Amino acid sequence: LSESGVPQLVQPMIWDYAADLDVEGKVHLIEKYRRCGFSKVWFASAFKGATGVNQSLTLIGHHLKNHLQWLKVASKSPADVLEGIALTGWQRYDHFSVLCELLPVAIPSLAVCLQALENGGYSEKTKENVEKLLGMSNLETETFMR
């Protein structure tokens, strides 16, 4: 890869939507990319979708945990390696599938994930900020919103 010149043309994106993604494994993967000449990498997470083809509601806690794991990867990686994070929002698994987790039901998840990334974590203050921004009285992350 180094000799091909590809690392000067592209930046790899590492995708993982798991709530328990392997932090050390991702850090090791970033190190491999660096040794190949890639100076920057991207992360890809999901704020909705990616948990089941027929899922209709978004379980915020799953996506929040995924983002918190990505923050751990970022903190254990060289400071200059991360170019950005793409928050994907899957709506169907293939073009023959029905739509899943439409955007309106996932807006609270998007807000939680963005606030967690911006604040470097999630706390009661972050939760209160999201509730205020969305005009909600009780944001639930471990159960489906009612």
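1. Two helices count as roughly parallel when the angle between them is under 35 degrees, as roughly antiparallel when it is over 145, as roughly perpendicular from 65 to 115, and as oblique otherwise. Such angles run from 0 to 180 degrees between N-to-C directions, and the axes are lines fitted to C-alpha atoms, for helices over the stretch in contact. Helices (H or I, at least four residues) and strands (E, at least two) are DSSP runs numbered from the N terminus.

2. The model is predicted, so local features need pLDDT of at least 70 and side-chain atom pairs count only at pLDDT 80 or more, while totals for chains, interfaces and linings use all residues. Residues are numbered from 1 along each chain as its sequence is written, and side-chain values use heavy atoms, with hydrogens and water left out.

3. The axes of α2 and helix α3 (residues 103–119) come within 9 Å and cross at roughly 20 degrees. The two helices are therefore roughly parallel to each other. Residues in contact (heavy atoms within 4.5 Å) include Ile60, His63 and Leu64 in α2, and Pro108, Ser109 and Val112 in α3.

4. The axes of α1 and α2 also approach within 9 Å, but here the crossing is at roughly 45 degrees. That angle makes α1 oblique to α2. Val23, Lys26, Val27 and Ile30 of α1 make the contact with Gln69, Trp70, Lys72 and Val73 of α2.

5. A nonpolar core is a set of buried Ala, Val, Leu, Ile, Met, Phe, Trp, Tyr and Cys residues joined through side-chain atoms within 4.5 Å. Buried means under 20% relative accessible area, exposed over 50%, and partly exposed in between (1.4 Å probe, protein chains only). The largest such core has 10 residues, including Ile14, Phe43, Trp70 and Val81. At least two residues come from each of α1 (23–35), β2 (41–48) and α2 (60–75). The largest share, three residues, is supplied by α1. Another core, of seven residues, lies apart from it, with Ile60, Ala111, Ala116 and Val130 among its members.

6. Is Glu131, a residue of helix α4 (residues 124–134), buried or exposed? Glu131 is buried, with a relative accessible area of 10%. Its side chain is joined to that of Lys127 by a polar contact of 2.9 Å (a pair of N or O atoms within 3.5 Å; within protein, one must be able to donate a hydrogen and the other to accept it, and residues adjacent in sequence count only if both atoms are side-chain atoms). Leaving aside neighbours within four places in sequence, Glu131 is in contact with Met136, Ser137, Asn138 and Leu139.
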